[in-house]
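Dear colleague,

I am passing on the structure below so that you have it in front of you as you read. My notes on helix packing and on the sheet follow it.

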Amino acid sequence: MRITMIGSGYVGLVSGACFSDFGHDVICVDKDASKIAALESGKMPIFEPGLDKLVAANVAADRLKFTTDLKSAVAGADAVFIAVGTPSRRGDGHADLSYVFAASREIAEAITGPIVIVTKSTVPVGTGDKVEDIMRELVEGHEVAIVSNPEFLREGAAIGDFKRPDRIVIGTEDARAMQVMREVYRPLYLNHSPILFTGRRTAELIKYAANAFLATKITFINEIADLCEAVGADVQDVSRGIGLDNRIGPKFLHAGPGYGGSCFPKDTLALLKTSEDYETPVRIVEAVVQVNDNRKRAMGRKVIKALGGTGSDGVKGKTVAVLGLTFKPNTDDMRDAPSLSIVQSLLDAGIKVRGHDPEGMEPAKALMPDITYCGDAYDAVAGADAVVIVTEWDIYRALDLKRVAAAMTTPVMVDLRNVYPPEDAAKAGFAYSSIGR
């Protein structure tokens with residue numbers, strides 16, 4: 001099939017590369033000429049394990065191409081996927097759909113025959129209806145179907161998620177569109193990946209409901225971690241104990257400094273705004289958003305307390321090494337990363353910050369220009385009064401703790417991901433604090 005992907009960011013590029021690997025002919029479109037030029041030369045605009053090799057293989061096989069020319073890319077396509085950004089709108093938290101609607105209008109002007117237009121972007125309920133209105137207004141003489149096909153990709157594991165999905169959600173009641181989408185996903189259907197056909201509005205809501213539920217699990221275990229610290233329990237054992245219940249499951253029950261990234265923060269806000277518009281409040285999600293925001297700032301106070309201070313008292317001029325800046329491992333994504341709030345809290349208290357991240361330092365520099373960026377973890381801890389593990393990259397899981405402690409002015413460790421057993425940190429000479437144990 002001929003597939004056009006509008007938007008060559010995270011979702012568009014991963015989806016386009018995977019579709020081409022299925023054997024489809026794919027053209028990825030983007031307005032950013034420098035991004036397209038980089039892709040054509042084999043340079044990836046994002047860090048995602050395995051993506052560079054996947055793109056290179058399919059470009060070499062002539063199944064994957066890149067262009068800035070939307071009109072030629074859409075002409076003759078069987079399916080056009082809209083995979084542009086939908087960031088939170090300034091001021092009210094609604095999803096900003098301006099890119100989706102602009103892309104829809106450009107697609108409408110380029111249509112040359114029957115076509116299926118698929119919203120891959122995460123969009124609020126009713127967006128597909130508005131895209132359909134645009135097509136009805138601008139397209140004459142061609143059969144156009146609008147489909148919702150939300151993505152469920154985890155950054156750092158996106159290729160595996162696309163090729164081995166838990167489910168494929170397709171929102172349409174149009175028979176021809178159903179057939180086209182079955183053909184698009186036929187390789188996965190043959191591997192028995194479940195395809196769920198729903199109404200379009202239902203598919204749009206599934207994405208938000210899924211992310212809100214996962215954000216709720218994260219926030220729940222973080223609050224339980226606080227309770228564990230107060231009563232002398234171990235949150236890791238609590239997580240195992242409840243996660244073994246098949247009705248609950250173990251995933252997203254790892255206590256930490258709060259969620260971030262490209263999806264959970266903006267999608268929970270967008271769901272809240274949708275619920276307000278329809279006067280059906282989702283109080284649980286309201287609490288999740290508030291608790292998560294508060295938690296990130298609380299982690300900064302936790303570090304200050306570990307240094308023996310309250311506010312800026314007794315900590316001004318001290319140095320803290322922050323290991324891990326991205327919101328999670330195996331990505332260079334800094335969007336709403338907990339490190340942003342933690343580092344700002346430390347800077348506000350007069351603390352000097354030295355940071356390291358395997359992939360995120362370049363994007364971090366634009367957001368946190370007032371910290372010192374170091375070549376590796378051991379460079380970062382040299383002369384520090386405390387080390388904070390914020391993101392659980394593999395390279396931070398096997399540090400030589402005695403070497404780290406010896407390099408520091410005072411060996412204080414704040415392990416916000418519970419990477420190290422307390423006894424191992426103690427043997428290395430650390431004053432150690434963690435989350436919920």
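Helix α10 (residues 200-231) and helix α13 (residues 283-306) have axes that come within 9 Å and cross at roughly 50°, in a model that, please bear in mind, is predicted. Angles from 65 to 115 degrees count as roughly perpendicular and those under 35 degrees as roughly parallel, so α10 and α13 are oblique to each other. The crossing of these two helices, α10 and α13, is left-handed.

On the α10 side, the residues that meet α13 are A212, A215, T216, T219, N222, E223, A225, D226 and E229, while α13 contributes I284, V285, V288, V291, N292, R295 and K302. Sorted by class, this contact of α10 with α13 holds seven nonpolar, four polar and five charged residues.

Does the length of α10 agree or disagree with what its residue count leads one to expect? At 1.5 Å a residue, the 32 residues of α10 should span 46 Å, and the end C-alpha atoms of the helix are 47 Å apart, so the two values agree. Just after α10 comes G232, which takes a positive phi of about 85°.

Helix α13 also takes us to the sheet, since α13 lies across β9 (319-323), β12, β13 and β14, and runs at about 160° to β13. The sheet itself is open and has six strands, in the order β11-β10-β9-β12-β13-β14, with parallel pairing. Its edge strands are β11 (372-373) and β14 (431-433), each of which pairs on one side only. Within the sheet, strand β12 (residues 386-389) and strand β13 (residues 412-415) run parallel and are joined by three bridges; V387 has M413 in β13 as its bridge partner.

A second helix pair may be set beside the one described above. The axes of helix α5 (residues 98-110) and helix α6 (residues 127-138) come within 9 Å and cross at roughly 30°, which makes α5 roughly parallel to α6. Here α5 passes α6 in a right-handed crossing. The residues of α5 in this contact are V100, F101, S104, R105, I107 and A108, and they meet T127, K130, V131, I134, M135 and L138 in α6. By class, the contact of α5 with α6 divides into eight nonpolar, two polar and two charged residues.

With best regards

Note on methods
Residues are numbered from 1 along each chain as its sequence is written. This is a predicted model: local features need pLDDT of at least 70, side-chain atom pairs count only at pLDDT 80 or more; totals for chains, interfaces and linings use all residues. Side-chain values use heavy atoms; hydrogens and water are left out. Axes are lines fitted to C-alpha atoms, for helices over the stretch in contact, and angles run from 0 to 180 degrees between N-to-C directions. Helices (H or I, at least four residues) and strands (E, at least two) are DSSP runs, numbered from the N terminus. Angles under 35 degrees count as roughly parallel, over 145 as roughly antiparallel, 65 to 115 as roughly perpendicular and the rest as oblique. A crossing is left-handed if the near helix is turned anticlockwise from the far one by less than a right angle, and right-handed if clockwise. Contact means heavy atoms within 4.5 Å. Ala, Val, Leu, Ile, Met, Phe, Trp, Tyr, Cys and Pro count as nonpolar, Asp, Glu, Lys and Arg as charged, and the others, Gly among them, as polar. Two strands pair if DSSP finds at least two bridges between them. The expected span of a helix is 1.5 Å times one less than its number of residues.
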